[in-house]
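Student: Hey, I've just opened this one and don't know where to look. Can you walk me through it?
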Amino acid sequence: SWAKKFLPADENAIDERATIDPGHPTETGVFSPFSSPVKALDAYAMSCGLAHEWTKDNWLRNIANKRVMADLKKLGLIHYPTRESVQLTTADVDDPQGMFKNALAKQESIQLTRQALIQNPQATAYEICDLVTSKLGKKFATESTKLREGNALIRWTRWLEPYLIDPSDSR
């Protein structure tokens, strides 16, 4: 099947990438989203309303996928006390949306993207990634990775602060 060509032979290799220390989500500590901010917020709000801890399988089956889980972990909103469990980092969250937006706004990559969009609302994904590389030291493997991750940073930043959208921009 096509999956055998692209996925690692060891199925735990994917889990190992998703179990990085929450204080250091990547080797450089740079937030780089994989999912949609709307889906991530929905999953976080749902988890806040249910329980403080779940098994990973139960979380993935009932709340969201691994990409959303990885984004929430990088934001420091959930953590993995064991390989099989998922836990909120803060119990009794009264305002999941406020907590989510606060965690997102604290990310240096989002702050840099925001500054770039204020200066140039039509900044490209490549320009955003070049800025992240120069200021935070994050390396991007290929041009397509720059395009994907730069667009994700733009999408999450514009979701966080919709007034940064330039009405004359057709993107």
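Tutor: Let's begin with Ser 32: leaving aside neighbours within four places in sequence, Ser 32 is in contact with Asp 71, Lys 74, Lys 138 and Glu 149. Contact here means heavy atoms within 4.5 Å. One caution: this is a predicted model, where local features need pLDDT of at least 70, side-chain atom pairs count only at pLDDT 80 or more, and totals for chains, interfaces and linings use all residues. Residues are numbered from 1 along each chain as its sequence is written, and side-chain values use heavy atoms, with hydrogens and water left out.

Student: Okay, and where is Ser 32 placed?

Tutor: Ser 32 is in the loop between α2 (12–17) and α3. Those labels are DSSP runs numbered from the N terminus: helices are H or I with at least four residues, strands are E with at least two.

Student: Is Ser 32 buried or exposed?

Tutor: Ser 32 has a relative accessible area of 4%, so it's buried. The cut-offs are under 20% for buried, over 50% for exposed and partly exposed in between, using a 1.4 Å probe and protein chains only.

Student: New topic. Which residues in the largest nonpolar core touch the most other members?

Tutor: Those are Tyr 44, Trp 59, Leu 72, Leu 75, Phe 100, Leu 104 and Trp 156, out of 38 residues in that core. Such a core is a set of buried Ala, Val, Leu, Ile, Met, Phe, Trp, Tyr and Cys residues joined through side-chain atoms within 4.5 Å.

Student: And which element gives the largest share?

Tutor: α3 does, with five residues. Leu 72 is a nice one to click on: not counting residues up to four places away in sequence, Leu 72 touches Ala 40, Ala 43, Tyr 44, Trp 59, Leu 77, Ile 78 and Phe 100.

Student: What about aromatic pairs, how many are there?

Tutor: There are three. Rings of Phe, Tyr and Trp (its six-membered ring) pair if their centres lie within 6.5 Å; planes under 30 degrees apart are stacked, over 60 edge-to-face and the rest tilted. Phe 100 and Trp 156 make a tilted pair, 6.1 Å centre to centre with 35° between the planes. Phe 100 is in helix α6 and Trp 156 in helix α9, so their pair ties together parts 56 residues apart in sequence.

Student: And why is the pair of Phe 100 and Trp 159 edge-to-face?

Tutor: Because the ring centres of Phe 100 and Trp 159 are 5.7 Å apart and the planes are at 85°. Phe 100 counts as buried because its relative accessibility is 0%, while Trp 159 is at 22%, so it counts as partly exposed. Ring pairs link Phe 31, Phe 100, Trp 156 and Trp 159 into a cluster.

Student: Which charged end sits over the ring of Trp 159?

Tutor: That of Lys 101, 5.3 Å from the ring's centre. The test is NZ of Lys or CZ of Arg within 6 Å of the ring centre and within 35 degrees of the ring normal. Elsewhere, Lys 56 lies over the face of Tyr 80, at 4.2 Å from the ring centre.

Student: Last thing: what's the strand order in the open sheet?

Tutor: The order is β1-β3-β2, with antiparallel pairing. β1 (53–55) and β2 (78–79) are at the edges with a single partner strand each, so one side of each has no neighbour in the sheet. Two strands pair if DSSP finds at least two bridges between them, and β2 and β3 pair over two bridges. Ile 78 has Leu 88 in β3 as its bridge partner.
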